[in-house]
Amino acid sequence: MRRRRNVPDDLLNLASMTQMRDSTYRRRRFGPSQPPVQWEAVDEPSVLARALTACGLSAAQSHNAEVARGCFAEAIGLVRALGDRWRLCQILTFQAMGAAIAGDPRAVRAVAEEGRDLADAIGDGFNSRQCRMWLATAQLFQGNLAETITKFGEVAAEAEAAHDELWRVASYGGQCIALVYHGEVAAARAAADAALAAGAELGGRFAVWGHVLLGVAALAAGDGAAAHAAREADRQPILVMGIAAALQRTFNAEAALADGDLAAASRWADEFVSTSTGFFLSQALTIRARVAIAAGELQPAERDAHDALVLGAETKAYLYIPDTLECLAMLAGDAGSHREAARLFGAAHAMRERMGTVRFKVYDAGYQASVAVLRDAMGEKDFEPAWAEGAALSTEEAIAYAQRGRGERKRPTSGWASLTPAERDVVRLVSEGLANNDIATRLFVSPRTVQTHLTHVYTKLSLTSRVQLVQEAARHT
């Protein structure tokens, strides 16, 4: 029977495997400019599966999600054919890690659940803990905070009992972030302290991780001095691997912004954007929008915030979307679109209440000032109804409302892809059985506008009735 290890040998030997990738496998996969290597000549499928796994893990840590997916998929096919359940469990765990680093909660769930179940079936506690930690991370991205906090805590306790220091530190970190967004700052600091203490025992970059967590908790508490101190303590070698590196870039950008150091904040935000995908890219774009707003660069800020919303909608990673909506609300208010701004603020507030998430207190002053200016400009009679209209929107409806009129360039002239965001909103509500007047109320437009959208939709899709439209919509959902 295969001997299970406390720490997988592929993880311990990642450096040598990475060197192998750079000198061999990468040449085969990354372009014809280098001499091809004939991996097909390897007669032992288990050896090839191990190499593919190491390459996939290295690619995932380097934020090359597409290459990672290909390597893991090929390795999984080999080990399934071999019937090697332990190796399959390990690869699924690494694949879940890769999906988490890519900021894709749906992909995490697709593999981590199978990996967890298989690990539990064969008694592999190490990989079971990892899969459960990545599942908690996926829930964090999606804004399911209460359950996330519990799951990270369970994994941390189990890891401590098993003397699994690596994933104990990682789980404390995940719990800290979930607690921060849930508004439990004291508990978050305790988790950060635990991560810092355990990380100090491991040494090196793990200690940096603890300082970053304490800094994030300070930002959430509005403690600028503590955030600055953590930023100074963090002037150490940059974390280069995975989610820890993303969090470090997040903290450095936000801490610099809180310090009023816009040049540093802009540099960190740009680096975060350039190295991120999925949820993390949505977060990075929103932070860069905040920096641009502070610098008075409103057009780039609006562009980044809208791009962040698109990614949030695509991945269904909603944790940071209220911040994005608030950025857009501030921009709308500055542009004189008062009713739109009030609706966006209301939608963001309702999203926070549904998820149980809070705004970092370092942003409270700017938020409160924007809302106060807007309330004064509109008057209570107009402000409150507009806020309530936004608060009544679902998450998907709020994103669609914020995106109205965006992305209409370079569309085909016919077919489903030709529909604008506003037209898709109308189609969605028709599919829910709403009449034109009801659709107009939901979308804050006139019934005549709804009918105009429908006329355009019928023309683009070559349809003649609502029944046909509902049938066509069902084929695209």
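The exercises below, each with a worked solution, concern a predicted model.

**Exercise 1. Determine where Thr137 lies, whether Thr137 is buried or exposed, and which residues Thr137 touches beyond four places away in sequence.**

Step 1: locating the residue in the secondary structure places Thr137 in helix α7, which covers residues 125–142.
Step 2: the relative accessible area of Thr137 is 6%, and because the cut-off for a buried residue is under 20%, Thr137 counts as buried.
Step 3: once residues up to four places away in sequence are set aside, Thr137 touches Ala100, Phe152 and Ile243.

**Exercise 2. Describe the salt bridge between Arg288 and Asp304, and state which elements hold the two residues.**

Step 1: the search of the whole structure finds 30 salt bridges, and one of them joins the side chains of Arg288 and Asp304 at 2.7 Å, N to O.
Step 2: this pair links distant parts of the chain, since Arg288 belongs to helix α15 (residues 278–294) and Asp304 to helix α16 (residues 298–315), with their positions 16 residues apart in sequence.
Step 3: the two partners are then assigned by accessibility, Arg288 being partly exposed at a relative accessible area of 23%, whereas Asp304 is buried at 4%.

**Exercise 3. Work out which arginines form salt bridges with Asp323, and which helices are tied together by these pairs.**

Step 1: the side chains of Arg290 and Asp323 meet in a salt bridge of 2.9 Å, N to O; Arg290 lies in helix α15 and Asp323 in helix α17 (residues 321–334), so this pair ties together parts that are 33 residues apart in sequence.
Step 2: Asp323 also forms a salt bridge with Arg352, whose closest N and O atoms are 3.4 Å apart; because Arg352 lies in helix α18 (residues 338–355) and Asp323 in α17, the parts tied together here are 29 residues apart in sequence.
Step 3: Arg290 and Asp323 are both buried, and Arg352 is buried as well.
Step 4: Arg290, Asp323 and Arg352 belong to a network of salt bridges that also links Glu326, Arg359 and Asp364.

**Exercise 4. Characterise helix α17 by its span, its burial and what covers its buried residues.**

Step 1: α17 has 14 residues and reaches 20 Å from its first C-alpha to its last, close to the expected 20 Å.
Step 2: the helix is mostly covered, with 12 of its 14 residues buried, among them Asp323, Glu326 and Cys327.
Step 3: the cover over these buried residues includes α15, α16, α18, α19 (364–378) and α21 (395–402).
Step 4: just after α17, Gly336 takes a positive phi of about 90 degrees.

Key
Residues are numbered from 1 along each chain as its sequence is written. This is a predicted model: local features need pLDDT of at least 70, side-chain atom pairs count only at pLDDT 80 or more; totals for chains, interfaces and linings use all residues. Side-chain values use heavy atoms; hydrogens and water are left out. Buried means under 20% relative accessible area, exposed over 50%, partly exposed in between (1.4 Å probe, protein chains only). Contact means heavy atoms within 4.5 Å. A salt bridge is a side-chain nitrogen of Lys or Arg within 4 Å of a carboxyl oxygen of Asp or Glu. The expected span of a helix is 1.5 Å times one less than its number of residues.
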